[in-house]
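Colleague: I should like to go through the terms used for this model and hear the grounds for each of them. May we begin with a single residue?

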Amino acid sequence: MEAIADALEKTRWCRKDAAKMLGISYKALLYKMRQFNLDTPRSRRTTAAAPAAGDAATVVGTRNG
């Protein structure tokens, strides 16, 4: 697990590059990440940066309007 976490940190969570660095397939890396509950930091930032529902509706409304 430490080798996987280190590879992900070194590649800045680029899973494709981490798999190549570890010498395993991309799918094997994804399986191991799920097995060890390794979550990408990117997914946390995406949800925090997402606009509120009202903001999204306003943007869509102004484009259609």
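Modeller: Certainly; please bear in mind that the model is predicted. I4 has a relative accessible area of 8% and is therefore buried.

Colleague: What makes I4 count as buried?

Modeller: Buried means under 20% relative accessible area. I4 has 8%, so the term applies. I4 belongs to helix α1. Leaving out residues up to four places away in sequence, I4 touches L22, L29, K32, M33, F36 and L38.

Colleague: How far apart are I4 and L29 in sequence and in space?

Modeller: They are separated by 25 residues in sequence, and their C-alpha atoms are 7.9 Å apart.

Colleague: Which secondary structure elements does the protein chain have?

Modeller: The protein chain has five helices and zero strands, and its pattern along the sequence reads α-α-α-α-α. Of its 65 residues, 18% are buried. The exposed area of the protein chain is about 5,200 Å², of which carbon and sulfur atoms supply 54%.

Colleague: Why is α1 called oblique to α2?

Modeller: The axes of α1 and α2 come within 8 Å and cross at roughly 130°. Angles over 145 degrees count as roughly antiparallel and those from 65 to 115 as roughly perpendicular, while angles under 35 count as roughly parallel and the rest as oblique. The angle of roughly 130° falls in none of the three named ranges, and α1 is therefore oblique to α2. The crossing of α1 past α2 is right-handed.

Colleague: Which residues form the contact of α1 with α2, and how do they divide by class?

Modeller: From α1 come A3, I4, A7, L8 and K10, which meet R15, A18, M21 and L22 of α2. Seven of these residues are nonpolar, none is polar and two are charged.

Colleague: What makes α2 roughly perpendicular to α3?

Modeller: The axes of α2 and α3, the latter comprising residues 26-35, cross at roughly 100° and come within 9 Å. The range for roughly perpendicular is 65 to 115 degrees, so α2 is assigned that term with respect to α3. On the α2 side the contact is made by R15, K16, A18, A19 and L22, and on the α3 side by Y26, L29, L30 and M33. This contact, too, divides into seven nonpolar, no polar and two charged residues.

Colleague: Let us turn to the loop between α1 and α2. Why is T11 called buried?

Modeller: The relative accessibility of T11 is 15%. The limit for buried is under 20%, and T11 therefore counts as buried. Apart from neighbours within four places in sequence, T11 is in contact with D17, A18 and M21.

Colleague: R12 is also located in that loop. What makes R12 count as exposed?

Modeller: Exposed requires over 50% relative accessible area. R12 reaches 72% and so counts as exposed.

Colleague: W13 has its place in the loop between α1 and α2 as well. How do you know whether W13 is buried or exposed?

Modeller: The relative accessible area of W13 is 15%. With the limit for buried at under 20%, W13 is therefore buried.

Colleague: What is the sign of phi at R12 and at W13?

Modeller: R12 has a positive phi of about 55°, and W13 has a positive phi of about 65°. Neither R12 nor W13 is a glycine. Most residues other than glycine have a negative phi.

Terms used: Residues are numbered from 1 along each chain as its sequence is written. This is a predicted model: local features need pLDDT of at least 70, side-chain atom pairs count only at pLDDT 80 or more; totals for chains, interfaces and linings use all residues. Side-chain values use heavy atoms; hydrogens and water are left out. Helices (H or I, at least four residues) and strands (E, at least two) are DSSP runs, numbered from the N terminus. Buried means under 20% relative accessible area, exposed over 50%, partly exposed in between (1.4 Å probe, protein chains only). Accessible areas come from the Shrake-Rupley method with a 1.4 Å probe; for residues, only the protein chains shown count as cover. Contact means heavy atoms within 4.5 Å. Axes are lines fitted to C-alpha atoms, for helices over the stretch in contact, and angles run from 0 to 180 degrees between N-to-C directions. A crossing is left-handed if the near helix is turned anticlockwise from the far one by less than a right angle, and right-handed if clockwise. Ala, Val, Leu, Ile, Met, Phe, Trp, Tyr, Cys and Pro count as nonpolar, Asp, Glu, Lys and Arg as charged, and the others, Gly among them, as polar.
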